[in-house]
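Here are a few friendly comments to read alongside the structure. Keep the picture open and find each part as you go.

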Amino acid sequence: MRDVREWTVSLVRFVKRRRDPVVVQTLRSAAAATIAYVIALRLSPEAAPLTAPLTALLVVQVTLYSTLTTGIRRVNSVVTGVLVAIAFSLLVGLTWWSLGLLIVASLVVGRLVRVEEFVPEVAISAMLVLGVTTVGDTAWARVVETLIGAVVGLACNLLLAPPVWVDEAGESIEGLARRVRKLMLRMGEEAAGRTPVELATARLYEARELDHDIVEVDAALKQAEDSLKFNPRVKEGLLHRVVLRTGLDTLEICTVVLRVLARTLTDLAKERDPFAEEPDLLDEGQDPEPLFGPETGRTVERLLSEIGDAVVSFAVLVTTHVSQSAESAEARLTAELRQAASTRDKLAQLLLEEIQRDSRHWQLHGAVLTEVNRILDELDTEHRSRRLLEELDRAAREQRERMPHLTRFQEQWRRNRSALARRSR
C-alpha cells in the first residue's frame, strides 16, 4: 500500500512538471537529435553524420518562434562556413597561416551575414571542411546534415507543439506583486512606530533588490512573448503580449517609486533618530522619535496596506484570461483603489496639520504624499486602458511598416471571413 501511495505521489509530481521548461526542452531535444541522426544515416555519405543531431539539438528551442529564427541562422552559418572553406581550398589549401586567415575571414563574414550567436559556427564549419582532402564531398555532406537537423528540429516543434508560457509568466508577475506588497506592509508597520535608521535603511536595500526580481520576471515574460509568436494555438497573441508587457512596466514603475518612498522614510528616520549623528548617545537609553504622529502613522500603515492589496489585484487582473474573472478582478481593483484614495486624502489632511505644528520636515512629508499618489496613478484602471490602446496602436503600426504584405493579407482574410459570415446569415 505504501509503495502504491509513493508511486502515485511521484506520478502526480511528474504530471505537474510535464510543462516545466527543463523537462520539455530535454525530451524534445533528445527526440529531435535521435530522429535527425537516423535520417542522416540514410541520406549523408558520412559514416557517422553527427552534424545532423548536433544541428537539431541546437535548433530545437522552447518556443516555435525561437526555433524558426535559430534554425535559419544556424543553416546560414553552416552554409557560409562551407563556402568560405571551399574558396580557401581552391586558393591556398591548408597551412598554419591559411588556417589563421580562414578563421579571421569566417568570423568577419559571419558578422556580415548576421548569424548573431552562430558566428563561431561559421569558423568551425570552415575548419572542419578545410581539414579533409575531399573537400567537395565533405562540404556537401555537412550542408545536407545541417539541413536535416534544422528540418527535424522545426518539425518537432510543429508536430509536438511547444507550450505557451503565459501562465508561467503570469505566476512570475504575481510573485513580484506579492513581494512588493510584503515590503509595503513592513514599511507601513515601521512607519507607525519608532523606526531606527538601521531598520529603515534595511527596507531601502530590500526595495533596491526588487530590481533583480524584475530582471527574472522580464526573462520569463520574454519567453512567454516568444511562445505566442507564430504559435497556431494562440489566437490573440499580440493582445496577450501587450497586456503582460504593459503590466510588468507598471509594476516596474511602482517598484521604482517604492524605492524612492523607502529612501524618503530613511531620510525621515535620520532626522528623527538622535543616534544617527551621535552614536555615543546609545548608552543613555534614548529612543528615536516616531516618524509621524500616532494617528498619522496609523494612516500611513493602513494606506500602504491598501496599496499593497491593490498591487496584487492589479497583477491578478493582468494575468487573468477569462473575461468574467477579469471583470471581477477589475472591480476588486477599482474598489481597492477607491478606498486607498480615500485614505490618501485623510493622510494629506493629517500631514498638513503636522506641518502646521512643525514645519521642519515638510519636504519629506510632501514627498511621501507625492510618491503614494504616483503609485495610485499608475495602478488606475483608466490610465491602464489608455496605455493598452496606445501600445496596441503602436504595435499594429510597427507591424504594418515592417511586414506590409502580411498585414494586407490578414486584412483581406478578415474581410473575406466577414463577407462569408454575412452571406451565411
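The points below go from the whole chain to one helix and then to one residue.

1. Please keep in mind that this is a predicted model. What kind of secondary structure does the protein have, helices or strands? The count is 15 helices and zero strands.

2. Turn next to the inside and the surface. Of the 425 residues in the protein, 43% are buried. The area that the protein exposes is about 23,800 Å², and 58% of that comes from carbon and sulfur atoms.

3. Sequence distance is worth a look too. Take the contacts between residues at least 6 apart in sequence: 76% of them join residues at least 24 apart.

4. Helix H13 covers residues 362-379 and lets you check a length by hand. Its 18 residues, at 1.5 Å a residue, should span 26 Å, and this agrees with the 26 Å between its end C-alpha atoms.

5. Which residues of H13 are buried? Among them are Leu364, Val368, Val372, Ile375 and Leu379. Charged side chains occur in the list as well, including Glu371 and Glu378. In an α-helix there are 3.6 residues a turn, so residues three or four places apart point the same way.

6. Now find Ser172, in helix H8 (residues 166-191). Why is Ser172 called partly exposed? Its relative accessible area is 22%, and buried would mean under 20%.

7. Who are the partners of Ser172? Beyond its neighbours within four places in sequence, Ser172 is in contact with Arg179, Val217 and Ala220. Glu216 is 44 residues from Ser172 in sequence, while their C-alpha atoms are 8.1 Å apart.

Note on methods
Residues numbered from 1 in each chain as written. Predicted model: local features only at pLDDT ≥ 70, side-chain atom pairs only at ≥ 80, totals over all residues. Heavy atoms only, no water. Helix = DSSP H or I, 4+ residues; strand = E, 2+ residues; numbered from the N terminus. Buried < 20%, exposed > 50% of the residue type's maximum accessible area, 1.4 Å probe, protein only. Contact = heavy atoms within 4.5 Å. Areas by Shrake-Rupley, 256 points an atom, 1.4 Å probe, with all protein chains shown as cover. Expected span 1.5 Å × (residues − 1).
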